[in-house]
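Here are some friendly notes to read alongside the model. Take the points one by one and look for each residue as you go.

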Amino acid sequence: MSEMALPIEARTGAADFESFFRAEYRSLCQALVLLVGDAFEAEEIAQETMTRVLERWDRVGAMDSPSGYAYRTALNLQRKRIRRLAVRAKRRFVSVPVPDIGPAASDRHDVHRALQQLPDGLRAALILVDWLDMDTDEAGRVLGLKPASVRVRLHRARSALRDALGET
């Protein structure tokens with residue numbers, strides 16, 4: 001059978017990507033909500049991530065951890081978004097502190113707020129390992145760090161969360 005007679009999925013690997021997408025998209029969105037704090041922004045980053053993965057699927061699909069590539073791409077897109085927003089804010093806005101207008105509505109809100117106060121590197125390590133059940137080796141590959149560095153970040157993140165939430 002000639003290559004042109006094959007369905008488009010067989011020629012492009014789209015069927016494999018579709019399986020990957022179905023398996024990973026929801027957890028990627030959930031992780032990004034925890035990271036960025038906004039469901040719409042998380043969805044936007046997840047869509048851009050999956051678009052980039054699809055564009056490179058011939059290479060990404062052959063990797064040991066295509067999901068690691070996707071998470072790393074998402075983290076890079078988030079960093080890029082933050083840099084763009086910071087540049088825009090410096091040009092247009094004067095920093096105005098916004099006071100907390102009330103007590104936390106629930107424990108979930110407290111945890112979410114404590115997560116947002118963590119530095120990005122600590123928050124990313126914590127989400128990858130504790131929420132997405134990656135081991136430190138895989139989280140290290142996603143973050144571009146050694147597993148020992150991931151363990152250090154985890155320890156610091158967990159300590160900071162305990163302090164912020166007043167737990168032992």
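Is Arg83 buried or exposed? Keep that question in mind as you read the first point.

1. **Arg83 and its surroundings.** This is a predicted model, so please read every value here as computed from it. Arg83 is exposed, because its relative accessible area is 52% and the cut-off for that label is over 50%. You will find Arg83 in helix 5, which covers residues 66-92. Arg83 also belongs to a positive surface patch. The other members of that patch are Arg72, Arg79, Lys80, Arg84, Arg88, Arg91 and Arg92.

2. **The overall plan.** It helps to step back and look at the whole chain. The protein chain has nine helices and zero strands, so the order of elements from the N terminus reads α-α-α-α-α-α-α-α-α. The chain is 168 residues long, and 33% of them count as buried.

3. **The nonpolar core.** In soluble globular proteins, nonpolar side chains tend to be buried together. Here the largest nonpolar core has 41 residues. If you want a place to begin looking, try Leu32, Val53 and Leu128, which have the most contacts inside this core. Several helices each supply at least two residues of the core, including helix 3, helix 6 (107-117) and helix 8 (136-143). Helix 2 gives the most, with 10 residues.

4. **A salt bridge within one helix.** The count of salt bridges comes to six, and three of them are described in these notes, beginning with Glu18 and Arg22. The closest N and O atoms of Glu18 and Arg22 are 2.6 Å apart. Why can these two residues meet? They are four residues apart in helix 2 (residues 14-36), which means that about one helical turn separates them. Glu18 is partly exposed, at 40% relative accessibility, whereas Arg22 is exposed, at 65%.

5. **A salt bridge between helix 5 and helix 3.** Arg81 forms a salt bridge with Glu41, and their closest N and O atoms are 2.8 Å apart. Arg81 lies in helix 5 and Glu41 in helix 3 (residues 39-55), so this pair ties together parts that are 40 residues apart in sequence. Which of the labels fits Arg81, buried or exposed? Arg81 counts as buried, because its relative accessibility is 15% and the cut-off for buried is under 20%. Glu41 counts as partly exposed, at 30%.

6. **A salt bridge between helix 7 and helix 9.** Asp130 pairs with Arg158 in a salt bridge whose closest N and O atoms are 2.6 Å apart. Asp130 sits in helix 7 (residues 120-131) and Arg158 in helix 9 (residues 147-165), so the bridge ties together parts that are 28 residues apart in sequence. Both partners count as partly exposed: Asp130 has a relative accessibility of 34%, and Arg158 has 33%.

7. **A backbone detail to check.** Most residues other than glycine have a negative phi. Asp133 has a positive phi of about 55°, although it is not a glycine. Where is Asp133 found? Its place is in the loop between helix 7 and helix 8. Asp133 counts as exposed, with 66% relative accessibility.

Technical notes:
Residues are numbered from 1 along each chain as its sequence is written. This is a predicted model: local features need pLDDT of at least 70, side-chain atom pairs count only at pLDDT 80 or more; totals for chains, interfaces and linings use all residues. Side-chain values use heavy atoms; hydrogens and water are left out. Patches are made of residues with over 30% relative accessible area and no salt bridge: like charges are joined within 9 Å, nonpolar side chains (Val, Leu, Ile, Met, Phe, Trp, Tyr) within 5 Å. Accessible areas come from the Shrake-Rupley method with a 1.4 Å probe; for residues, only the protein chains shown count as cover. A salt bridge is a side-chain nitrogen of Lys or Arg within 4 Å of a carboxyl oxygen of Asp or Glu. Lys and Arg count as positive and Asp and Glu as negative; His and the chain ends are not counted. The place of a charge is taken as NZ of Lys, CZ of Arg, CG of Asp or CD of Glu. Buried means under 20% relative accessible area, exposed over 50%, partly exposed in between (1.4 Å probe, protein chains only). A nonpolar core is a set of buried Ala, Val, Leu, Ile, Met, Phe, Trp, Tyr and Cys residues joined through side-chain atoms within 4.5 Å.
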